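Ready for a few warm-up exercises on a structure you haven't met before? Try each task by yourself, then read through the solution.

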Amino acid sequence: MAIVRKNPLKLNKLQLRTLVLAQIVARDENSGQIDEATGEGTLLRVPHAHGDHVHVGQFTVAARDASGFDNPAVWVVLTRKGLVKEGYPGSIVLTKDGMEYDTGLGDHFLEESDH
């Protein structure tokens with residue numbers, strides 16, 4: 001039986017947080033779009049902080065946890081590792097691998113928004 005390594009692409013914490021949030025945005029019907037044929041996810045809107053938080057889908061995330069959205073270096077790495085197609089900042093498309101990558105962070109810092 002093959003052992004599944006956690007974080008096999010050795011993404012750093014900022015890259016992991018940005019990827020998991022991008023996955024959530026891509027799956028949100030108001031902010032993203034999934035191509036059923038390819039499994040790719042397109043971010044139609046990239047969330048931006050207001051105050052100390054960011055709205056990502058129906059969740060509220062601390063602005064510091066979403067800082068990778070505005071960091072071009074994060075997108076360069078995610079593109080180089082095959083998780084995102086080129087296009088930042090104009091268009092962000094997560095590849096099938098990017099949509100399926102298990103960051104291990106899916107429920108660590110998300111809470112439903114009250115506004």
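**Exercise 1. Work out how α1 and α2 are oriented relative to each other.**

Solution. The two helices are roughly perpendicular to each other. Keep in mind that this is a predicted model. Let's go through it step by step.

- Step 1: Two packed helices are described by the angle between their axes and the distance between the axes.
- Step 2: Here the axes of α1 and α2 (residues 72-80) come within 10 Å and cross at roughly 80°.
- Step 3: Angles of 65 to 115 degrees count as roughly perpendicular, so α1 and α2 get that label.

**Exercise 2. Find the residues through which α1 and α2 meet, and sort them by character.**

Solution. Start on the α1 side, where L14, Q15, T18 and A22 take part. Across from them, α2 brings in V74, W75, V77 and L78. Sorted by character, the residues of this contact come out as six nonpolar, two polar and no charged.

**Exercise 3. Describe how β3 and β4 are joined and paired.**

Solution. Take the pairing, then the turn.

- Step 1: β3 (residues 53-56) and β4 (residues 59-62) pair in the antiparallel sense, over four bridges.
- Step 2: One of the partnerships links V56 to F59 in β4.
- Step 3: The two strands form a hairpin with two residues between them. In that turn sits G57, with a positive phi of about 60°.

**Exercise 4. Which way do the residues of β4 point, and are they buried or exposed?**

Solution. In a regular strand the side chains alternate between the two faces of the sheet. Now look at β4: F59 and V61 point one way, while T60 and A62 point the other way. All four names on that list are buried.

**Exercise 5. Locate E29 and decide whether it is buried or exposed.**

Solution. Look in the loop between α1 (13-27) and β1 (32-34), and you'll find E29. Its relative accessibility is 71%. The cut-off for exposed is over 50%, so E29 counts as exposed. Now hop to the hairpin turn: G57 is 28 residues away from E29 along the chain, yet their C-alpha atoms are separated by 8.3 Å.

**Exercise 6. Sum up the whole chain: its elements, their order and its buried share.**

Solution. Count three helices and seven strands. Read from the N terminus on, they run α-β-β-β-β-α-β-β-α-β. Of the 115 residues, 43% count as buried. As for contacts with a separation of 6 or more, 58% are between residues 24 or more positions apart.

Definitions and conventions. Residues numbered from 1 in each chain as written. Predicted model: local features only at pLDDT ≥ 70, side-chain atom pairs only at ≥ 80, totals over all residues. Heavy atoms only, no water. Buried < 20%, exposed > 50% of the residue type's maximum accessible area, 1.4 Å probe, protein only. Contact = heavy atoms within 4.5 Å. Axes fitted to C-alpha atoms, helices over the stretch in contact; angles between N-to-C directions. Parallel < 35°, antiparallel > 145°, perpendicular 65-115°, else oblique. Nonpolar A, V, L, I, M, F, W, Y, C, P; charged D, E, K, R; others polar. Pairing = 2+ DSSP bridges.
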